[in-house]
Amino acid sequence: MSSAQAVGDLVSQPYKYGFVTDIETEKIAKGLSEDVVRLISSKKQEPDFLLDFRLRAYRQWLQMQEPDWASLGYPPIDYQNIIYYAAPKQQAKKASLDEVDPKLLETFDKLGIPLSEQKRLSNVAVDAVFDSVSIATTYKEKLAEHGVIFCSISEAVKEHPELIERYLGTVVASNDNYFAALNSAVFSDGSFVFIPKGVDCPMELSTYFRINSGDTGQFERTLIVAEEGASVSYLEGCTAPMFDTNQLHAAVVELVALDDASIKYSTVQNWYAGDENGVGGIYNFVTKRGHCRGDRSHISWTQVETGSAITWKYPSCVLQGADSVGEFYSVALTNNCQQADTGTKMIHVGPRSRSTIVSKGISAGRSSNSYRGLVQIGPKAVGARNYSQCDSMLIGDRAAANTYPYIRSQQPQSAVEHEASTCRISEDQLFYLQSRGIGLEEAVSMMVSGFCRDVFNQLPMEFAAEADKLLALKLEGSVG
Amino acid sequence: MTASLSAPGSSVMGRSAWLEPWLATLPAPSGPLEAVQVRGRRALREQPVPSSRQEDWRFTDLSLLQQLQQAPGAGDAAAAASAAALPPPAPGAFRLVLDGRSDPLDGVTLPEGLQALNPLEIGQGLGHTLAATGCEQHWPVELNHAAAGTLLALRVTARHSVRLELVSAAGAGLLPLRLLLVLEEKAALEVNQLLLAPGPGSISLVLEAHLARSARLHHGLVALGHPEAALLGHLALEQEPESSANLTAVSAGWGLARLEPRVLQVDGQAVTTLRGLQVVDGRQIADTHSHVRFNGPEGQLDQLHKVVAAGQGRSVFNGAVRVPREAQRTNAAQLSRSLLLSDRARIDTKPELEIVADDVKCAHGATVSSLQTDELFYLQSRGIGADQAAQLLQRAFCEEVLRELPAVARAWCPLEALQRQDGLA
Amino acid sequence: MIRSDAPVLLEIRDLQARVEDKAILKGVNLTVRAGEIHAVMGRNGSGKSTLSKVLAGHPAYTVTGGSVTYRGDNLLELDPEQRARIGVFLGFQYPVEIPGVSNLEFLRVATNARRGEKGEEELDTFAFEDLVRERLKVVQMDPAFLERSVNEGFSGGEKKRNEILQMALLEPVVAILDETDSGLDIDALRIVAGGVNQLAGPDNATLLITHYQRLLDAITPDYVHVMAAGRILRTGGKELALELEQRGYDWVDEELAALEAAGDRTPVEVG
């Protein structure tokens with residue numbers, strides 16, 4: 001076998017998180033209507049303002065068209081064949097972790113996210129979301145001592161309605177796009193983070209999303225607000241069982257950073273990607289946007305995208321504050337029949353706003369991996385700067401790497417710079433490493449992680465190793 | 001034609017109210033391009049005029065073309081040409097004046113190595129490269145199909161080297177130019193094409209060139225317009241292995257200029273060089289959509305596109321490069337550099353790279369900025385005034401493309417012409 | 001140093017190999033004992049670089065006949081990495097650039113792979129840094145090179161020094177240095193040759209593949225082999241190299257033609 005073939009084989013490996021938890025689940029009937037939106041809202045005992053928000057979004061959604069501009073191909077989604085609310089049956093309110101169904105705790109244990117007091121990670125607070133609901137949040141009390149609110153968004157609606165009303169939908173409007181409108185109408189659960197003025201969040205915050213049901217859509221909603229001078233680092237992880245049908249995941253994440261605030265948002269996405277023939281897998285249509293509302297505010301997105309059958313995702317920054325900073329660091333690995341169309345938008349509004357984009361796409365198998373980005377310099381963004389770098393690595397001659405970096409500038413006192421390159425793992429490089437005693441798998445893994453280093457360096461310490469491992473895992477397999 | 005399109009003549013009004021009356025003014029289809037005219041007119045009746053709803057036309061407003069309605073048909077291009085004071089023919093170059101009405105080869109003795117294609121060859125070759133490069137149904141091409149009554153169809157015979165000068169000036173109305181160039185093996189052709197619009201008017205250019213093995217084409221286009229003039233151009237090339245093509249296009253002063261260089265390396269192993277410079281000022285729009293596809297291995301592309309945007313000018317650049325699976329060992333580099341000189345001007349740039357082959361080198365880069373302050377400062381620190389320093393730097397910026405024009409075209413002093421036309425300092 | 005009782009490290013017998021459809025090696029015979037330094041000389045295209053790549057297991061070359069025994073075992077059935085781990089080292093003519101992979105990490109992983117094979121303990125980051133700093137002296141290299149990506153942006157001389165640094169770390173049993181002198185200026189050549197001399201000992205052997213005499217002024221070979229048309233045409237002592245330097249390679253062609261006419265394949269022993 002030639003080493004080119006061997007490299008191709010290396011990127012195929014079984015999905016480790018494909019099990020289904022057998023648990024009694026409360027589901028509503030399939031389909032979407034105004035009544036379903038009202039039902040979801042009433043199940044969650046929401047205040048009127050939120051029901052109005054949902055209904056407005058639903059009506060807008062009905063008027064909208066599903067976007068088709070991305071380099072993606074998939075059969076039409078039947079929105080009436082999806083369940084919009086599913087929750088494990090359990091006590092109305094879990095007072096402590098001890099009351100959480102042990103099957104759920106066990107599920108998260110198996111996923112490497114222990115929640116119990118004894119085993120939980122020492123410096124990371126975790127919000128665990130199972131299908132449509134948040135089942136547990138660790139370290140809530142400790143965080144509360146610092147004034148930090150970290151809880152599920154359903155809980156926040158009840159406990160802190162004024163904050164939700166003030167911020168929800170202010171970054172991603174309910175009619176922003178087709179999938180955001182759908183999410184605004186039917187969102188189930190997600191995390192809420194509030195860091196008050198001047199507080200540097202004492203630990204990493206993390207939400208772990210688990211889709212369990214085969215016919216349920218997941219529509220989580222995350223809102224993170226950092227007040228003046230506050231800072232937080234947040235990580236999101238996700239997995240789903242293996243089904244031969246496709247599940248829709250349409251999330252919305254909104255970040256708000258006021259003056260001098262800083263939010264670092266990292267994602268390690270490992271949804272089920274479908275099998276080698278493209279059967280099954282998650283359709284991941286996600287709207288993520290940060291609003292650098294204050295001067296000198298800073299929002300940084302880091303994503304490691306390895307899963308999903310389809311990824312449609314553009315974590316973006318609206319750089320409104322003067323001297324605000326936006327960053328986007330991305331690794332997207334596609335294999336088999338996976339399709340990813342991902343990138344970012346950096347919208348420079350404020351003077352001297354700066355942004356950096358580093359995107360690394362790795363395409364293997366028959367997959368298609370597109371970077372799509374927009375850098376827009378508005379007329380008032382005097383002195384704005386952007387630097388973008390998009391590199392693609394191709395493994396095998398059937399994978400596609402596409403690059404679509406849009407640049408729009410209306411401000412002469414600004415500078416936009418974009419660079420892109422394409423590379424592969426050459427036979428010569430592999431032989432060189434092998435001739436120094438390094439095995440083929442390790443050689444490939446070293447080169448891939450070298451290719452991704454600029455991005456991994458941005459992940460919080462605890463997760464950088466995790467991401468490296470995940471990628472190595474994706475690249476693990478039989479060498480002929 | 002797509003079956004779903006409506007029947008000729010129906011449902012057109014409203015979408016493009018000016019188009020039908022304009023079509024009615026055209027002479028009945030006749031001559032060597034009769035079939036093409038019929039096809040183009042049908043297509044224009046069926047296809048909507050491009051609008052900002054289409055991604056490819058998002059930023060480019062075609063409303064200026066409505067002036068066609070007021071001044072129908074081919075205008076008095078000959079008068080315009082004399083008014084435009086064409087530069088004298090360059091020594092050693094063979095000049096043809098294209099006025100869109102008379103046969104440019106009438107009473108002309110072609111130099112050695114250059115032959116007119118016969119009707120059979122025209123029948124076989126016309127439209128072939130447009131189809132191969134996927135633009136035969138583009139609206140500007142159909143517009144040319146509908147209006148063009150004359151054709152310049154030439155062959156450069158094997159191993160001959162020819163230098164050609166093509167000169168056209170737009171009068172009122174639309175001046176349609178249709179060219180078909182066939183380069184035999186090891187033939188070399190240098191074309192210097194000058195398009196002028198001294199006043200209101202439009203030019204539609206459709207050029208097809210087929211390069212056989214080891215043929216060389218150097219096409220320099222200098223297009224100097226008027227704020228009330230429009231230019232729509234498609235430059236389509238098919239390259240056989242070991243051929244080399246250089247397309248260098250410079251445009252300035254047009255109310256609307258849209259150029260679409262489209263290149264297909266039919267079997268790879270060819271060299272393509274694309275150079276573009278577009279200058280906008282006032283409320284002008286300049287738009288370049290280039291498209292290069294490698295249908296075989298070891299092809300090369302070197303592309304540099306430059307933009308100077310002043311006033312309320314608007315510039316669009318879209319550079320597509322397609323490297324399919326069979327195009328292993330392709331080496332493609334694309335660079336787009338834009339100078340934004342005014343806070344009311346606008347620049348949109350979008351490279352589009354689609355790569356499937358894994359053993360390729362594809363790099364692209366884009367920059368948008370004003371003049372570099374450190375460069376300005378360096379010149380100023382040597383005693384050069386700020387305005388003069390800016391002028392020097394802008395000239396240097398344009399020179400990088402202008403120097404790639406064939407020598408003859410350089411004799412037209414395009415930079416001076418640009419400076420007369422535009423807000424270049 | 002020639003000792004006829006020294007153990008045989010490498011035994012090449014009638015080795016034939018091709019790349020794509022082109023036969024390059026047409027029956028190479030060579031015996032290398034511990035403590036010896038061999039030089040393989042020849043024109044471009046004579047097959048000497050192919051020989052080095054076949055010994056290291058480059059996937060582009062297919063062995064079509066003959067055998068290579070390394071310390072009694074069949075070398076040809078091993079993966080390239082396994083050959084490296086048991087002590088066969090190839091110094092590349094054109095060391096490959098590997099962007100993104102740090103030189104230090106690369107050296108550490110490679111060193112530990114070799115140590116693991118020898119049953120030695122893996123070195124942690126700190127212990128390895130101590131070791132690498134000491135070995136840097138062999139090639140007089142700036143520690144700053146450790147922080148860069150493997151060979152990326154290195155000059156020709158820096159790349160070759162990095163090769164010898166790897167050799168110093170991996171402590172090979174048989175080192176094959178393919179055109180190590182090409183692209184080196186006098187100073188770099190002196191440093192590289194000095195490194196090779198320091199590393200040569202009674203228990204290992206070196207195979208120098210070279211085109212020119214000048215490397216052999218700095219490293220004295222015990223044997224010189226002249227390759228042509230895919231086999232070893234002549235074997236001699238170091239004076240054979242001097243003869244080549246004086247007479248050029250033209251006589252090789254004549255001899256080759258004569259041999260081919262006679263259908264002879266055995267090398268001619270001289271001196």
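Student: Which residues are buried in α9(A)?

Tutor: In this predicted model, the buried ones in α9(A) are A:Q429, A:L430, A:F431, A:Y432, A:L433 and A:Q434.

Student: OK, and what does that say about how α9(A) sits in the rest of the structure?

Tutor: A residue counts as buried if 20 or more other C-beta atoms lie within 10 Å of its own. In α9(A), 6 of the 8 residues pass that test, so the helix is largely enclosed by the rest of the structure. For chain A as a whole, buried residues make up 59% of the 480 residues.

Student: How many helices and strands are there in chain A?

Tutor: Chain A has 11 helices and 24 strands. Now look at contacts along the chain: of those with a separation of 6 or more, 83% are between residues 24 or more positions apart.

Student: How do I describe two helices that pack together?

Tutor: You give the angle between their axes and the distance between the axes. Try α3 (residues 48-63) and α8 (residues 178-186), both of chain A: their axes come within 7 Å and cross at roughly 145 degrees. The crossing of α3(A) past α8(A) is left-handed.

Student: Which residues meet there?

Tutor: From α3(A) you get A:F53, A:R54, A:A57, A:Y58, A:Q60 and A:W61, and they meet A:Y178, A:A181, A:L182, A:S184 and A:A185 of α8(A). Sorted by class, that contact has 8 nonpolar, 2 polar and 1 charged residues.

Student: Let's move on to contacts between chains. How many residues do chain B and chain A each put into their contact?

Tutor: Chain B gives 32 residues and chain A gives 33. On the chain B side, the elements supplying two or more residues are β17 (346-355) and β18 (361-369). The largest share, 10 residues, comes from β17(B). By class, the chain B side divides into 13 nonpolar, 8 polar and 11 charged residues.

Student: Which way does β18(B) run against its partner strand in chain A, parallel or antiparallel?

Tutor: Antiparallel: β18(B) is joined by 6 bridges to strand β24 (residues 415-424) of chain A. To find the pairing on screen, start at A:A415, which stands opposite B:S369 in β18(B).

Student: And what about chain A with chain C?

Tutor: That contact takes 19 residues from chain A and 21 from chain C. On the chain A side, α9 (427-434) and α10 (440-456) each supply at least two residues. You've met α9(A) already: it's the helix with 6 of its 8 residues buried. By class, the chain A side touching chain C has 6 nonpolar, 8 polar and 5 charged residues.

How values were computed: Residues numbered from 1 in each chain as written. Chains lettered and ligands numbered in written order. Predicted model: local features only at pLDDT ≥ 70, side-chain atom pairs only at ≥ 80, totals over all residues. Axes fitted to C-alpha atoms, helices over the stretch in contact; angles between N-to-C directions. Helix = DSSP H or I, 4+ residues; strand = E, 2+ residues; numbered from the N terminus. Left-handed = near helix turned anticlockwise from the far one by under 90°. Contact = placed C-beta atoms within 7 Å. Nonpolar A, V, L, I, M, F, W, Y, C, P; charged D, E, K, R; others polar. Buried ≥ 20, exposed ≤ 12 C-beta atoms within 10 Å, placed from the backbone. Pairing = 2+ DSSP bridges.
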